[in-house]
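User: I've got a structure to go through with you. Can we take the labels one by one and check each against its cut-off?

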Amino acid sequence: DRATRFALHRPRWLRIDGDTVFLTKIFDWYEKDFERDAGSVRAFLARYRDDLPPGDYSIEIMDYDWDLNAAGP
């Protein structure tokens, strides 16, 4: 719970711009898991963020940064 809260307050995982919430691609890849756990991605996010835009905000999926998986020199 603490790790999820920490991650979802980092712009690499979730960023809010006006009435749009930008999410890491993991929410796209594993959407069914979030739905099974909380009913929807929005409901899952609401558990950890109290600053989401009100109402039916827009969700955009950010490009995944594959450089994070690159092997070092």
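**Labels and cut-offs**

Analyst: Sure, starting with the strands: E1 and strand E2 (residues 20-23) pair in the antiparallel sense over four bridges. This is a predicted model, where local features need pLDDT of at least 70 and side-chain atom pairs count only at pLDDT 80 or more, while totals for chains, interfaces and linings use all residues. Residues are numbered from 1 along each chain as its sequence is written, and side-chain values use heavy atoms, leaving out hydrogens and water.

User: What makes E1 and E2 a pair?

Analyst: Two strands pair if DSSP finds at least two bridges between them, and E1 and E2 have four. Strands here are DSSP runs of at least two residues, helices (H or I) are runs of at least four, and both are numbered from the N terminus. Within this pairing, Leu14 stands opposite Leu23 in E2.

User: Why are E1 and E3 called edge strands?

Analyst: The open sheet has three strands in the order E1-E2-E3, with mixed pairing. Strand E1 (14-17) and E3 each pair on one side only, which makes them the edges.

User: Why is the contact between Asp33 and Arg36 called a salt bridge?

Analyst: The rule asks for a side-chain nitrogen of Lys or Arg within 4 Å of a carboxyl oxygen of Asp or Glu. For Asp33 and Arg36 the closest N and O atoms are 2.3 Å apart, so the pair qualifies. Both residues lie in helix H3 (residues 31-38), three residues apart, about one turn of the helix.

User: How do you know whether Asp33 and Arg36 are buried, partly exposed or exposed?

Analyst: Buried means under 20% relative accessible area, exposed means over 50%, and partly exposed is in between (1.4 Å probe, protein chains only). Asp33 has 37%, so it counts as partly exposed, and Arg36 is exposed because it has 64%.

User: What makes Arg42 and Asp56 a salt bridge?

Analyst: Their N to O distance is 3.5 Å, so it meets the cut-off. The pair links distant parts of the chain, with Arg42 in helix H4 (residues 41-48) and Asp56 in the loop between H4 and strand E3 (58-61), 14 residues apart. Arg42 is partly exposed at 30%, whereas Asp56 is exposed at 71%.

User: Why does Arg49 get its accessibility label?

Analyst: Arg49 has 10% relative accessibility, so it counts as buried. Its salt-bridge partner Asp51, with closest N and O atoms 2.8 Å apart, is partly exposed at 39%.

User: How many salt bridges are there by this rule?

Analyst: The count comes to seven.
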